[in-house]
Amino acid sequence: IMFFSVRELELRKAPFDLEVAPGKIEFDDGLKQATPLRAKGVAELASSTLQEIRVSGKFAVTMAADCDRCLEPSSFDLDTEFDLHYRPGESAGPAEESHLDDEESEIGFYDGEGLALEDVLKEQVLLGLPMQRLCKPECKGMCPACGQNRNLVACGCSQANVDNRWAALKEIKRP
């Protein structure tokens, strides 16, 4: 897609306005890009002494994944603004010696000579998705007994969840 080199950013800002076709960015966990990802913004060197890259802008995309409850295909519209700061990975130091204050906890890190916009966009898409991906908030999910989608079928299975691991405690007599 685009690569923001620290050397180039020392000379000028790098505006971007692009459309990323589905399949260009690889997502894991059954997540797919359903529409082109539209991104617009600018990358600049926020601090030349720290070689800190600032990437700000916005993106819009529709992502597709299976619902976490009923496993039916679902879509998720994202329209998000971002303002991010990245420093070279080696500036973080060894993990046991580094302590991040509140401001530094908002900073990401890059390796090498710069930062790939693809990595920034992938991270922002993943952060923008809900923790639990549901087809609709009132999704009833799958029946644990027969496996049918309870949004489509009223299976009539018993909803009692019995955990037999605790059955022995019922036999204990109270004093």
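In this predicted model, E52 touches E44, L45, A46, S47, H85, Y86, R87 and I107, leaving aside residues up to four places away in sequence. This glutamate is found in strand β5, and E52 counts as buried because its relative accessible area of 8% lies under the 20% cut-off. Among the residues it touches, R87 is also a polar partner, since the side chain of E52 makes a polar contact with the side chain of R87 at 2.9 Å. Another of the touched residues, I107, stands 55 residues away from E52 along the chain, and the C-alpha atoms of the two are separated by 9.2 Å.

Strand β5 also leads to the nonpolar interior. The largest nonpolar core has 32 residues, and those with the most contacts inside it are V55, F59 and L121. The elements that give two or more residues to this core are the helices α1 (6–11) and α2 (117–128), together with the strands β2 (14–20), β4 (37–47), β5 (52–66) and β6 (73–88). The largest share, six residues, comes from β5. Around F59, and again not counting residues up to four places away in sequence, the touched residues are L37, R38, A39, L78, D79, T80, F82, L121, Q124 and V125.

At the surface, W166, L169 and I172 form a nonpolar patch with about 360 Å² of accessible area together. One of these three, I172, is placed in the segment after α3 (167–170), and I172 is classed as exposed because its relative accessible area of 55% is over the 50% cut-off. The table sets E52 beside I172.

| Residue | Place | Relative accessible area | Class |
|---|---|---|---|
| E52 | strand β5 | 8% | buried |
| I172 | segment after α3 (167–170) | 55% | exposed |

For the chain as a whole, the secondary structure comes to three helices and eight strands, which follow one another along the sequence in the pattern β-α-β-β-β-β-β-β-β-α-α. Of the 175 residues of the chain, 33% count as buried, while the chain exposes about 11900 Å², of which carbon and sulfur atoms supply 49%. Among contacts between residues at least 6 apart in sequence, 57% join residues at least 24 apart, and the contact of E52 with I107, across 55 residues of chain, is an example of such a pairing.

Key
Residues numbered from 1 in each chain as written. Predicted model: local features only at pLDDT ≥ 70, side-chain atom pairs only at ≥ 80, totals over all residues. Heavy atoms only, no water. Patch = residues over 30% accessible without salt bridge, like charges linked within 9 Å, V, L, I, M, F, W, Y side chains within 5 Å. Areas by Shrake-Rupley, 256 points an atom, 1.4 Å probe, with all protein chains shown as cover. Salt bridge = Lys/Arg side-chain N within 4 Å of Asp/Glu carboxyl O. Helix = DSSP H or I, 4+ residues; strand = E, 2+ residues; numbered from the N terminus. Buried < 20%, exposed > 50% of the residue type's maximum accessible area, 1.4 Å probe, protein only. Core = buried A, V, L, I, M, F, W, Y, C linked by side-chain atoms within 4.5 Å. Contact = heavy atoms within 4.5 Å. Polar contact = N/O pair within 3.5 Å; in protein donor to acceptor, adjacent residues only side chain to side chain.
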